[in-house]
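Biologist: Please take a close look at one pocket of this model, and then set that pocket against the rest of the chain. I would like the cut-offs stated as you go.

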Amino acid sequence: MIGSANGTAISITGLGCRVPERVITNDELSTMMDTNDEWIRERTGIRERRIAAPEEALSDLCLPACHDALEQAGLDASEIDLIIVATVTPDMAFPSTGAILADRLGAPDAAAYDLSAGCTGFMYAVAQAYGMLAGGLAKKALVVGGDVLSRILDWSDRSTAVLFGDGAGAVVLEAVPAGGFLGFELGADGSGGQQLYVPAGGSRSPASEETVAERMHFVKMNGREVFKFATRVLVSSAQAVLEECGRSIEDVDVYVPHQANVRIIEHARQKLGIPEEKTVIDVDRYGNTSSGSIPLALADAAADGRLRPGELVLMTGMGAGLTWGSGLIEWTAGGNG
Ligand SMILES: CC(C)(COP(=O)(O)OP(=O)(O)OC[C@H]1O[C@@H](n2cnc3c(N)ncnc32)[C@H](O)[C@@H]1OP(=O)(O)O)[C@@H](O)C(=O)NCCC(=O)NCCS
């Protein structure tokens, strides 16, 4: 799916994020499994990640992120009429974390639900909210991307456990006088689904003694195949959205790729021809936070003063599905700016 904006200008007017307090360094991981700091840093660029406390669920991370985003937009939760939570680790199978959040925030007029597109979830959710706002179905949306992947990682599998972390980010989307989103490109290739998946817990293999014994409720991944896929789609999706919007790589001021692995980001950045100083990287501190990755990176860039009104920001996500998605936005001031 690909399209460029025509009509109402819609932008991000508020941004917030939250990561758990607990930091786990590579050295600490190497006391838990057969790995070491050098291997993890060389292969992934990750130094540490945040891991949720036992009592902390996804909505506990999303709630403060939403409060911060709303405050920045100068809105009260009661003014929100759409909440989408992109995640693969909701508080529970149902009700949706979106509905739980709507209640905890105090947004009784909001349509609220979850969206599943792996680590690309945030890009899918932003595009969907954009479409609903542009189509007049909603006026003010909260789009949340977050995961507590530590709950579905196999801590006895060093090939996956070292890669991920927990975190969430939220953005407010609403109409603005000018600027905002210019276009999106989204895709999915379900034939690659089993390269990155959780085999059990759904209607295909419901939880049973056997699925638990066989560790089928944890993330399984073919790292090499996912690496190849990631490097390919980060490039093709970015190029497609730029072309659709009539912009070039040189026009991009800030590049926010999915934070899976520094080597994947480096590969895409060089192939695309984007200078290092325009690329946002925080995977070293958070690991791969799945749907939280792009909003967390946006919040990091904003905190560093890197997101200025008028600048062109390119975001590209990829992940389970296999899915990918890009969005191009001309950054605007927050709701109070
Ligand atoms: C996972 C990934 C870092 C592995 O890197 P790689 O260079 O492909 O490494 P390999 O899988 O070939 O493993 C190389 C060796 O390291 C070992 N190894 C794997 N994990 C290890 C770890 N945590 N610590 C130490 N050694 C490890 C392997 O067992 C293998 O040993 P062997 O050669 O004796 O068999 C890389 O494939 C990757 O980043 N893939 C993409 C994953 C991703 O981003 N997924 C999420 C997308 S949203």
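Modeller: The answer below starts with the pocket and then moves outward to the chain, one buried residue and some charged pairs.

This is a predicted model, in which local features need pLDDT of at least 70 and side-chain atom pairs count only at pLDDT 80 or more, while totals for chains, interfaces and linings use all residues. Residues are numbered from 1 along each chain as its sequence is written, and side-chain values use heavy atoms, with hydrogens and water left out.

The pocket I have chosen is the second largest, with a volume of about 160 Å³ (the space filled by probe spheres set on grid points that are joined across faces, edges and corners). A pocket here is an open set of points, on a 1 Å grid over the protein atoms alone, where a 1.4 Å probe fits and protein lies on both sides within 12 Å along at least five of seven lines; a lining residue has an atom within 4 Å of a point. The lining of this second largest pocket consists of 15 residues, and those nearest the pocket centre are M1, G3, S4, Y130 and F184. Three elements, β1 (2–4), α5 (121–134) and β9 (180–188), each contribute at least two lining residues, and among the contributors β9 gives the most, namely six residues. (Helices, H or I of at least four residues, and strands, E of at least two, are DSSP runs numbered from the N terminus.) Sorted by class, the lining of this pocket holds ten nonpolar residues, four polar and one charged, where Ala, Val, Leu, Ile, Met, Phe, Trp, Tyr, Cys and Pro count as nonpolar, Asp, Glu, Lys and Arg as charged, and the others, Gly among them, as polar.

The chain around this pocket has eleven helices and 14 strands, and its C-alpha trace spans about 55 × 45 × 35 Å along the principal axes. Of its 337 residues, 55% are buried (under 20% relative accessible area, with exposed over 50% and partly exposed in between, for a 1.4 Å probe and protein chains only). Among the contacts (heavy atoms within 4.5 Å) between residues at least 6 apart in sequence, 77% join residues at least 24 apart.

G145 gives a local view of such long-range packing: it is found in strand β7 (residues 140–148) and is buried, at 0% relative accessibility. Leaving aside residues up to four places away in sequence, G145 touches A86, F122, G167, A168, G169, S291, G292 and P295. The C-alpha atoms of G145 and S293 are 7.8 Å apart, although 148 residues separate the two along the chain.

Finally, there are twelve salt bridges, each a side-chain nitrogen of Lys or Arg within 4 Å of a carboxyl oxygen of Asp or Glu. One of them joins E28 to R22, with an N to O distance of 2.6 Å; E28 is partly exposed at 26% relative accessible area, and R22 is likewise partly exposed at 40%. Another joins R41 to D37 at 2.8 Å, N to O, both residues lying in helix α2 (residues 37–44), four residues or about one turn apart, with R41 partly exposed at 41%. A further bridge pairs E225 with K228, whose closest N and O atoms are 3.0 Å apart; these two sit three residues apart in helix α8 (residues 223–244), again about one helical turn, and E225 is partly exposed at 31%.
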